[in-house]
Amino acid sequence: QVQLVESGGGLVQAGGSLRLSCAASGRTFSNYAMGWIRQAPGKEREFVAAISGSGGNTYYADSVKGRFSISRDNAKNTMYLQMNSLKPEDTAVYYCAADYPLGSRWPPTLQADYDYWGQGTQVTVSS
């Protein structure tokens, strides 16, 4: 069982930055690949970024490549998403998610790849 709690969302102006955090429970955090997924109002959930258990491999959606950076600190059981050059179209609820290693694949770009989800944190970018 893994519990995930996001924080760091808020309201920013276009061009600004935010850093999201995802705190995880348990002692096997490093066994799980992790991801960030977002959902804008009226739209399906959209993959944003993923990171391998060790942090040695990352993968980004084309829409955020070059602007967002995913990282993790396994000693602190925490994953991060640094978001720079934010655009109004980045407005969404952002969820962190954990991919149980049994039967996992790389990169985990689909909603069905993930086994545990946080409650989400709202990011709003004004123009």
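Biologist: Let me start with one residue: does Ser52 count as buried or exposed?

Modeller: Ser52 counts as buried, because its relative accessibility is 15%. The general idea is that buried means under 20% relative accessible area and exposed means over 50%, with partly exposed in between, using a 1.4 Å probe and protein chains only. Please keep in mind that this is a predicted model, where local features need pLDDT of at least 70 and side-chain atom pairs count only at pLDDT 80 or more, while totals for chains, interfaces and linings use all residues. Residues are numbered from 1 along each chain as its sequence is written, and side-chain values use heavy atoms, with hydrogens and water left out.

Biologist: Thanks! Where is Ser52 found, and which residues is Ser52 in contact with, leaving aside neighbours within four places in sequence?

Modeller: Strands are DSSP runs of E with at least two residues, and helices are runs of H or I with at least four, numbered from the N terminus. Ser52 sits in the loop between β5 (46-51) and β6 (58-60). Contact means heavy atoms within 4.5 Å. Once neighbours within four places in sequence are set aside, Ser52 is in contact with Tyr32, Ala33, Asn57, Arg72 and Trp106. A polar atom of the Ser52 side chain also lies 3.3 Å from the backbone nitrogen of Gly56.

Biologist: How many helices and strands does the protein chain have?

Modeller: There are 0 helices and 11 strands.

Biologist: And how do the side chains along strand β1 point?

Modeller: In a regular strand the side chains alternate between the two faces of the sheet. Along β1 (residues 4-7), Leu4 and Glu6 point to one face and are buried, whereas Val5 and Ser7 point to the other and are not. Two strands pair if DSSP finds at least two bridges between them. β1 and β3 run antiparallel and are joined by 4 bridges, and Ser7 stands opposite Ser21 in β3.

Biologist: Which residues does a disulfide join here?

Modeller: A disulfide is a covalent bond between the sulfur atoms of two cysteines. The rule used is a pair of cysteine sulfur atoms within 2.5 Å, and the count comes to 1 disulfide. That disulfide joins Cys22 to Cys96, with an S to S distance of 2.1 Å. The pair links distant parts of the chain, 74 residues apart: Cys22 in strand β3 (residues 18-24) and Cys96 in strand β9 (residues 92-99). The torsion about the S-S bond is about 55°, so the disulfide is right-handed. Cys22 is buried, at 0% relative accessible area, and Cys96 counts as buried at 0% relative accessibility.

Terms used. Polar contact = N/O pair within 3.5 Å; in protein donor to acceptor, adjacent residues only side chain to side chain.
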